[in-house]
Amino acid sequence: MDFVPPSPFVPFYVATNAENVILRAGPGVKFAAKTTLTQGLQLLVLSRVPGGEWIFVQTPFESTGWVSAGLLKSEKDLQSAPLMQPPDVQVIRGRVLNEKNEPVTGLSFGILEDVEGARSFSVITDASGVFYGFLPATTGGAWSVTFDKATCASNTMDKDCNCIGVCGALHPKA
């Protein structure tokens, strides 16, 4: 069989699936809001960050920014967009493996700044069991990562979102 080189990425359109979707300056809720987008607005997908939770898009007004993948409706797989490591970010990364050394997908973790009244944000493990949280490069201070839950998309859940085996806690404790 002859080798067929991968074809170059062709940007594709998606639509926002909620009202007031925020287009951000970086891939995360700790980045500045650039504008608010209406439901059904068509956006051109340009790339994604590792983990795939944030998608880099261009609006019809030719502004670019980041949108949470969960707020986009697409007939194409958002994970087919090329990876981009955004500039001027700090990355909080972790990996979860089960007792067989296999990746655990779909686990939600909260990342919280250790400051009174600070709001946390969530990250979810991907197909390789890795989660990524992105912060502006100028962010400082102490941060905590805590296990939240296994989502229904986790490989620890069955098709009816019931736990398979051990669920509800990490071992050893995070």
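This is a conversation about how to read the folding features of one predicted model.

Biologist: Let's start with the overall make-up. How many helices and strands does the chain have?

Modeller: A good habit is to list the elements before looking at details. Here there are zero helices and twelve strands. Along the sequence the pattern is simply β-β-β-β-β-β-β-β-β-β-β-β.

Biologist: And how do I judge compactness? What is the radius of gyration of the chain, and what does the globule rule give for 174 residues?

Modeller: The idea is to compare the radius with a value expected from chain length. The radius of gyration is 17 Å and the rule gives 16 Å for 174 residues, so the chain is as compact as a globular protein of that length. Along the principal axes, the C-alpha atoms fill a box of roughly 55 × 50 × 30 Å.

Biologist: What share of the residues is buried?

Modeller: Of the 174 residues, 37% count as buried. The surface can be read by atom type as well: the accessible area is about 10400 Å², with 53% of it belonging to carbon and sulfur atoms.

Biologist: What about contacts between distant parts of the sequence? Which percentage joins residues at least 24 apart?

Modeller: Take the contacts between residues at least 6 apart in sequence; 57% of them join residues at least 24 apart.

Biologist: Next, the interior. Which residues touch the most other members of the largest nonpolar core?

Modeller: In a core, look for the members with many partners. This one has 15 residues, and Leu43, Val45, Val67 and Leu78 touch the most other members. The strands β1 (12-16), β2 (21-24), β4 (42-48) and β5 (54-58) each give two or more residues to this core. There is also a second, separate core of twelve residues, including Ile111, Phe121, Ala150 and Met157.

Biologist: Could we zoom in on Val67? What does this valine touch, leaving out residues up to four places away in sequence?

Modeller: Its partners include Val21, Ile22 and Leu23, as well as Leu37 and Leu43. Glu53, Trp54, Ile55, Val57 and Leu72 are also touched by Val67.

Biologist: Now backbone angles. Which residues have a positive phi although they are not glycine?

Modeller: Two to look at are Glu62, with a phi of about 70 degrees, and Asp88, with about 60 degrees. Check the location next: Glu62 is in the loop between β5 and β6 (64-68), while Asp88 is in the loop between β7 (72-73) and β8.

Biologist: Is Glu62 buried or exposed?

Modeller: The cut-off for exposed is over 50% relative accessible area. Glu62 has 64%, so this glutamate is exposed. Asp88, at 63%, is exposed too.

Biologist: Where does Gln79 sit, and what does this glutamine touch?

Modeller: Gln79 is in the loop between β7 and β8. Its relative accessibility is 33%, which counts as partly exposed. Setting aside residues up to four places away in sequence, Gln79 touches Arg48, Gly51 and Gly52.

Biologist: How should I compare sequence separation with distance in space? How far apart are Gln79 and Ile111?

Modeller: Put the two numbers side by side. Gln79 and Ile111 are 32 residues apart in sequence, and their C-alpha atoms are 23 Å apart. For Glu99 and Cys152, the separation is 53 residues along the chain and 20 Å between C-alpha atoms. Glu99 is in the loop between β8 (89-95) and β9 (107-113), and is exposed at 74% relative accessible area.

Biologist: Lastly, charges. How many positive and negative ones does the chain have?

Modeller: There are 13 positive and 16 negative charges, and their mean positions are 1 Å apart.

Definitions and conventions:
Residues are numbered from 1 along each chain as its sequence is written. This is a predicted model: local features need pLDDT of at least 70, side-chain atom pairs count only at pLDDT 80 or more; totals for chains, interfaces and linings use all residues. Side-chain values use heavy atoms; hydrogens and water are left out. A nonpolar core is a set of buried Ala, Val, Leu, Ile, Met, Phe, Trp, Tyr and Cys residues joined through side-chain atoms within 4.5 Å. Buried means under 20% relative accessible area, exposed over 50%, partly exposed in between (1.4 Å probe, protein chains only). Helices (H or I, at least four residues) and strands (E, at least two) are DSSP runs, numbered from the N terminus. Contact means heavy atoms within 4.5 Å. The radius of gyration is taken over C-alpha atoms; the globule rule is 2.2 Å times the number of residues to the power 0.38. Accessible areas come from the Shrake-Rupley method with a 1.4 Å probe; for residues, only the protein chains shown count as cover. Lys and Arg count as positive and Asp and Glu as negative; His and the chain ends are not counted. The place of a charge is taken as NZ of Lys, CZ of Arg, CG of Asp or CD of Glu.
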